[in-house]
Amino acid sequence: MKTSIFLGVRYEALSILAKHTRVLIIITEKNSFVDKFWKKNRTNFIYIDDLSKSNIYDILNKSKADIVMSAGFKFILPLHVINNGPIYINSHPSYLPLYKGKSAIKDAINNNEKYIGVTLHHMSKEVDSGKIIYQDKMSIDELTLNDVYNKIFSSLEPEVINIGIKEILNEK
């Protein structure tokens with residue numbers, strides 16, 4: 001079984017990654033959904049607040065994981081990290097190339113978009129610009145902001161990650 005490292009705060013994203021890989025390390029924030037609800041082996045938890053960015057980069061550089069996946073990670077990984085061995089992927093709550101960055105959902109809603117998506121992509125030098133592995137979208141017409149967040153993170157993102165990870169692992 002392939003091994004992975006999870007970076008971020010989105011519990012459902014971690015759950016899908018754990019279905020397909022053995023998660024070696026989880027780097028998350030205290031009181032995140034991952035911290036609150038991930039009850040499996042907690043010895044592999046590292047809290048972002050307890051480390052500097054350079055400590056996190058060192059952990060990633062020394063890792064023997066096959067895949068590193070980000071879903072809600074607050075730091076942008078530098079090129080010297082993402083070019084160092086594992087496959088680095090990111091789950092982004094937007095139908096890329098539209099709405100890059102951390103306020104993608106609000107930007108889409110403020111622009112009265114009828115659809116919003118999730119994209120699983122390889123990390124690259126430019127933020128949210130790597131080669132797309134898989135993406136899908138859904139209608140957000142007549143949904144509240146809360147409903148949009150709920151549907152994206154509880155159903156659409158896990159579905160996109162599931163299909164994308166299978167693609168990466170050739171489990172299709």
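**Pockets and overall build of the predicted model**

The second largest pocket has a volume of about 290 Å³ in this model, which is predicted. Its lining consists of Val-9, Arg-10, Tyr-11, Glu-12, Glu-29, Ser-32, Phe-33, Phe-37, Tyr-149, Asn-150, Phe-153 and Ser-154. Two or more of the lining residues come from each of α1 (11–20), α2 (33–37) and α6. The largest share, four residues, is supplied by α6. Sorted by class, six residues of the lining of the second largest pocket are nonpolar, three are polar and three are charged.

The largest pocket has a volume of about 630 Å³. A total of 28 residues line the largest pocket, and those that lie nearest its centre are Phe-73, Asn-90, His-92, Gly-101 and Lys-102. At least two residues of this lining are supplied by each of β5 (87–92), α5 (104–110) and α6 (145–169). The lining of the largest pocket comprises 12 nonpolar, nine polar and seven charged residues. Helix α6 thus appears among the elements that line the largest pocket and among those that line the second largest pocket.

Helix α3 spans residues 53–62, and its buried residues are Ile-56, Tyr-57 and Leu-60. These three lie on the same side of α3, because the arc that they cover around the axis is only 100°. The partners against which the buried residues of α3 pack are four strands and one helix, namely β1 (3–8), β2 (22–28), β4 (67–71), β5 and α4 (79–82). Strand β5 is therefore named in two settings: β5 supplies at least two residues to the lining of the largest pocket, and the buried residues of α3 pack against β5.The protein as a whole contains six helices and seven strands. From the N terminus on, these elements follow the order β-α-β-α-β-α-β-α-β-α-β-β-α. The radius of gyration of the protein is 15 Å, close to the 16 Å that the globule rule gives for 172 residues, so the protein is as compact as a globular protein of that length. Taken along the principal axes, the box filled by the C-alpha atoms is roughly 45 × 30 × 30 Å. Of the 172 residues in the protein, 47% are buried. Among the contacts with a separation of 6 or more, 52% are between residues 24 or more positions apart.

Key. Residues numbered from 1 in each chain as written. Predicted model: local features only at pLDDT ≥ 70, side-chain atom pairs only at ≥ 80, totals over all residues. Heavy atoms only, no water. 1 Å grid on protein atoms, 1.4 Å probe; cavity = no way out; pocket = protein on both sides within 12 Å on 5 of 7 lines; lining within 4 Å. Points joined across faces, edges and corners; volume = space filled by probe spheres on them. Nonpolar A, V, L, I, M, F, W, Y, C, P; charged D, E, K, R; others polar. Buried < 20%, exposed > 50% of the residue type's maximum accessible area, 1.4 Å probe, protein only. Arc of directions from axis to C-beta. Contact = heavy atoms within 4.5 Å. Rg over C-alpha atoms; globule rule 2.2 N^0.38 Å.
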